[in-house]
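Let's take a walk through this model, starting from one sheet and working outwards. Keep the viewer open as you read.

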Amino acid sequence: DDDSEERRATGASTSSTVGNEFENLQEDEKEYQEEEDKEDEEVEREFLETEEGNEDARLVAKCDDLCPEEERTMRLARSDFDPRFEGAKGELLMKRFSRTFNGNPEEVRTLDAIEKSLGRVATVIEETIGGVCDCLKRDENSLDFDALKTFSELADFVRDRSRAIRGDLTAQSASGPKSRRIMRRLVHMMIRFDYEIRKRQRLRAYTYIAQWVKFNYSDPDARRMIHRDHSMALQFREQLGKSLATYSIMCTERAEFVSPEDKAEILSYRLLLRLSAKVEEEEEEKEKEMEGNRSSSSSSSSKLDNIDFRAAELDVLNSPIVSRAMYLSVCVDAGKYVSLFKTIDSESFTFLEFCCVYACLDPLRARYISRSNVSHNRMKMNKEDACSILKIQHVEKLNLLLFKTLTDSGETDIEFSAECKREPKEYEVYRTKLES
């Protein structure tokens, strides 16, 4: 009897085990089939998507070169090109931006030609930026103005050719996968170059301050150059905003073919650029109030304000890159500057995200110092600790921020005070480190 019961129990157990394994196998096959169907659906959607634009778009681009033939002939005859960027004899001439367009398809570049043009612009930046990156003369304590002039001309070139690329894509209502890939690469390139512009703008402004601090002397032309840099930065940021908006429209038109990661990336960059522009405009308004000029400032975020969160998908809003951008905005509004700089210094924060907010970092550091003068009145803070909190690599940068905020300091400590009682002490300024 015991043997029979054991056999029955063993048989039941074996039957149950086999049944469970069969059910698990069925579930695995079902999940595998669902994944296969999903992949087939994605492949089918990608196959169905074409490079053509809207159905009502009738223009078909016919220019396969970097520059249309008519424009090339005219500009070569006039020697209207920069040999540093477009070849010694104009052999790498690229189409310029023009506001007028007569609808001639011969003047519109194909997607392959646009992609080649974009690659050429990126090459020009890489080849030129190394020659003008070191804007400081090693033998003198002053800026290399020839290098800055070259960079300014490069910035004008990049801004114009980027507008021409965006114009050709818009003219043919292109929004297919290749068009979006081109626009995405264009946006990334412009974000990186915007960082280079802002870095040099800050370098010139800080050098101006350093001259006043150390020598009680300021270049009479420096103020004019600073305003010119500011104007150049605003113009480039405006074109960056338009390019990002164009890319966003492309992705909206083909939303079913765009991955959530790409959608999240677009939204994140728009949020970060808008945050940076907002901080800059607030600082500009403060400076004008101090100077007694209450005229309205030119907005650099006009193309970045119209962000419709209602159209965003839930997985896009919950993505890490968008969550970080929203969190940084909350930190600025709430004055949580320590948390903001911790987020920016985290490993998950990408270089492109950093480029988007780079222009507003020093104003936010100055806000932290100014607020500490009130909240930490009559208290001291070690400069190394302050550099660690504000993510500043060199104490010379901190000294300049202390000077701008009228904050007293010694050799190693910051002396917070609600009212500045004396002029800041001597500052050791090494301009070769200001870029950092």
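How many bridges join β2 to strand β3? Two bridges do the job, and the strands β2 and β3 (residues 413-415) run antiparallel. Before going further, note that this is a predicted model, where local features need pLDDT of at least 70, side-chain atom pairs count only at pLDDT 80 or more, and totals for chains, interfaces and linings use all residues. Residues are numbered from 1 along each chain as its sequence is written, and side-chain values use heavy atoms, with hydrogens and water left out.

**The sheet and its helix**

Strands here are DSSP runs of E with at least two residues, and helices are runs of H or I with at least four, both numbered from the N terminus. Two strands pair if DSSP finds at least two bridges between them. The sheet is an open one of three strands, in the order β1-β3-β2, with antiparallel pairing. At its edges sit β1 (380-382) and β2 (408-409), each of which pairs on one side only. One bridge puts aspartate 408 opposite glutamate 415 in β3. Helix α13 (residues 383-390) packs on this sheet and touches β1, β2 and β3, with its direction at about 75° to that of β1. That angle comes from lines fitted to C-alpha atoms, for helices over the stretch in contact, and runs from 0 to 180 degrees between N-to-C directions.

**The whole chain**

Stepping back, the protein has 14 helices and three strands. Buried residues (under 20% relative accessible area; exposed is over 50%, partly exposed in between, using a 1.4 Å probe and protein chains only) make up 46% of the 436 residues. Take contacts, meaning heavy atoms within 4.5 Å: of those in the protein with a separation of 6 or more, 75% are between residues 24 or more positions apart.

Helix α14 (residues 395-404) is largely enclosed by the rest of the structure, because eight of its ten residues are buried. Among them are Glu396, Lys397 and Phe403. Just after α14, leucine 406 takes a positive phi of about 55°.

**Rings and charges**

Rings of Phe, Tyr and Trp (its six-membered ring) pair if their centres lie within 6.5 Å; planes under 30 degrees apart count as stacked, over 60 as edge-to-face and the rest as tilted. By this rule there are eight aromatic pairs. Two of them are set out here.

| Pair | Type | Centre to centre | Angle between planes |
|---|---|---|---|
| Phenylalanine 85 and phenylalanine 157 | tilted | 5.0 Å | 40° |
| Tyrosine 195 and phenylalanine 351 | edge-to-face | 5.5 Å | 80° |

Phenylalanine 85 in helix α3 (residues 83-86) and phenylalanine 157 in helix α5 (residues 145-171) are 72 residues apart, so to speak linking distant parts of the chain. Both phenylalanine 85 and phenylalanine 157 are buried. Tyrosine 195 in helix α6 (residues 177-215) and phenylalanine 351 in helix α12 (residues 351-375) are 156 residues apart. Tyrosine 195 is buried, with a relative accessible area of 12%, whereas phenylalanine 351 counts as partly exposed at 38%. Tyr195 and Phe351 belong to one aromatic cluster with Phe354 and Tyr358.

Charges join in too. A charge sits over a ring if NZ of Lys or CZ of Arg is within 6 Å of the ring centre and within 35 degrees of the ring normal. The charged end of arginine 163 sits over phenylalanine 97, 3.9 Å from the ring centre. Arginine 200 does likewise over the face of phenylalanine 151, at 4.3 Å from the ring centre.

**A few buried spots**

Which residues does arginine 75 touch, beyond those up to four places away in sequence? They are Cys67, Asp80, Phe81, Glu86, Leu93, Met94, Arg96 and Arg161. Arginine 75 lies in helix α2 (residues 69-77) and is buried, with a relative accessible area of 2%.

Its contact cysteine 67 is buried as well, at 0%. Why is there no bond for cysteine 67? The closest cysteine sulfur, in cysteine 63, is 7.1 Å away, which is too far. With a disulfide taken as a pair of cysteine sulfur atoms within 2.5 Å, the count is zero.

Finally, valine 316 is in helix α9 (residues 314-317) and counts as buried at 3% relative accessibility. Leaving aside neighbours within four places in sequence, valine 316 is in contact with Pro260, Lys263, Ala264, Leu267 and Val322. The C-alpha atoms of valine 316 and aspartate 262 are separated by 9.0 Å, with their positions 54 residues apart along the chain.
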